[in-house]
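Here are a few friendly notes to read alongside the model. I have kept them as numbered points so that you can check each against the coordinates.

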Amino acid sequence: MSTDTVLSAATRVIPSVEYRRERWHNGLGWTREILRAPDTGEWQVRLSIAEIEQDAAFSAFPGIERELVLLRGQGLRLRFADGAVHTLLPPHDRVRFAGEAEIHGELVDGLTHDFNLMWRRDALEAELLHRPLVGSMFFFTEPAVAWAIHLLAGQAQFDGDTDLPPMDAGDTAWLAAGPRKRFALRGGGELLAIRLSAR
C-alpha cells in the first residue's frame, strides 16, 4: 500500500472508549491501540497508550521510529543498552528513539500511562507537538500530509461542516491527507498534535 493511501485513511474522531486493549508485542504489558494505518497487514503508523505496571523490557520494532510521552504517573526511566538513561517526568516529558533499540523501562513510583507514536522511518516523517488549546487552533491537510490530534485535557470541537463529533479528554482525531483543507479546532485544554508526511 502506498504511503499516500495510508495517510488518506478516513477523517474521523476516535473516542477513547473505542481504543483496543491488547497485550504488548513481548507480552510484558498492556497497550490501548488508538489507530493503525493501514488497518490490515503491515502498518506504517500506529498510535497507542502503553499501560506500564512493572519494570519491563520494551518490545523491539525494527525499521520503526518511536516517540513516547508520559501521560499519567510519577515517571518512567528508560535504560538503553548503550548505557544512555532517559527519565520521563510529569507532567508530559517525552523521548524519541529507534524502535530496534534495546530498552528496559523502570517505573519511578508506580503505574504510568504513556502515549506511544510509532512510524515506519523509510516511508513517513513525523513531528509531535505539545500545545495548549486556547480558543481556536488551525491544522492544514495536504495531498501527502495528515494530522493526528490527541486531546490531553479539556474539550474541543471542529468548526464548520466537518461532521466530526466533539472531542473529550482522551479522544483522538485523524485528519486525512488529501486536497488542501483547513480544520479549525476550537476549545480549551491541552493536546498532542502529530504531523505525518510522506518521506
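1. Where does His92 lie? In this predicted model, His92 sits in the loop that links strand E8 (85-88) with strand E9 (94-98).

2. Is the His92 residue buried or exposed? His92 has a relative accessible area of 16%, and because the cut-off for buried is under 20%, His92 counts as buried.

3. What does the side chain of His92 reach? There is a polar contact to the backbone oxygen of Leu70, at 2.9 Å. Leaving aside residues up to four places away in sequence, His92 touches Val69, Leu70, Leu71, His130, Leu152 and Glu190. Two of these names, Leu71 and Leu152, are worth keeping in mind for point 7.

4. Now to strand E8 and its sheet. The strand belongs to an open sheet of four strands, ordered E5-E10-E7-E8, and the pairing is antiparallel. Strand E5 (56-57) and E8 stand at the edges with a single partner strand each, so one side of each has no neighbour in the sheet.

5. Which strand is joined to E8 by four bridges? That is strand E7 (residues 76-80), and the two run antiparallel. If you would like one pair to look at, take Leu78, whose bridge partner in E8 is His86.

6. On to the pockets. The largest pocket has a volume of about 290 Å³. It is lined by 21 residues, and those closest to its centre are Trp24, His25, Arg46, Ser59 and Phe61. Strands E2 (20-23), E3 (30-37), E4 (45-52), E6 (64-72) and E11 (112-120) are the elements that give two or more residues to this lining. The largest share, four residues, comes from E4. By class, the lining of the largest pocket divides into ten nonpolar, five polar and six charged residues.

7. The second largest pocket has a volume of about 180 Å³. Of its 13 lining residues, Leu71, Arg72, His150, Leu152 and Gly170 are the closest to the centre; Leu71 and Leu152 are also among the residues that His92 touches. Which elements give two or more residues to the lining of the second largest pocket? They are E6 and strand E13 (145-158), and the largest share, three residues, comes from E13. The lining of the second largest pocket has six nonpolar, five polar and two charged residues.

Technical notes: Residues are numbered from 1 along each chain as its sequence is written. This is a predicted model: local features need pLDDT of at least 70, side-chain atom pairs count only at pLDDT 80 or more; totals for chains, interfaces and linings use all residues. Side-chain values use heavy atoms; hydrogens and water are left out. Buried means under 20% relative accessible area, exposed over 50%, partly exposed in between (1.4 Å probe, protein chains only). A polar contact is a pair of N or O atoms within 3.5 Å; within protein, one must be able to donate a hydrogen and the other to accept it, and residues adjacent in sequence count only if both atoms are side-chain atoms. Contact means heavy atoms within 4.5 Å. Two strands pair if DSSP finds at least two bridges between them. On a 1 Å grid over the protein atoms alone, a cavity is a set of points where a 1.4 Å probe fits but cannot get out, and a pocket is an open set with protein on both sides within 12 Å along at least five of seven lines; lining residues have an atom within 4 Å of a point. Grid points are joined across faces, edges and corners, and a volume is the space filled by probe spheres set on the points. Ala, Val, Leu, Ile, Met, Phe, Trp, Tyr, Cys and Pro count as nonpolar, Asp, Glu, Lys and Arg as charged, and the others, Gly among them, as polar.
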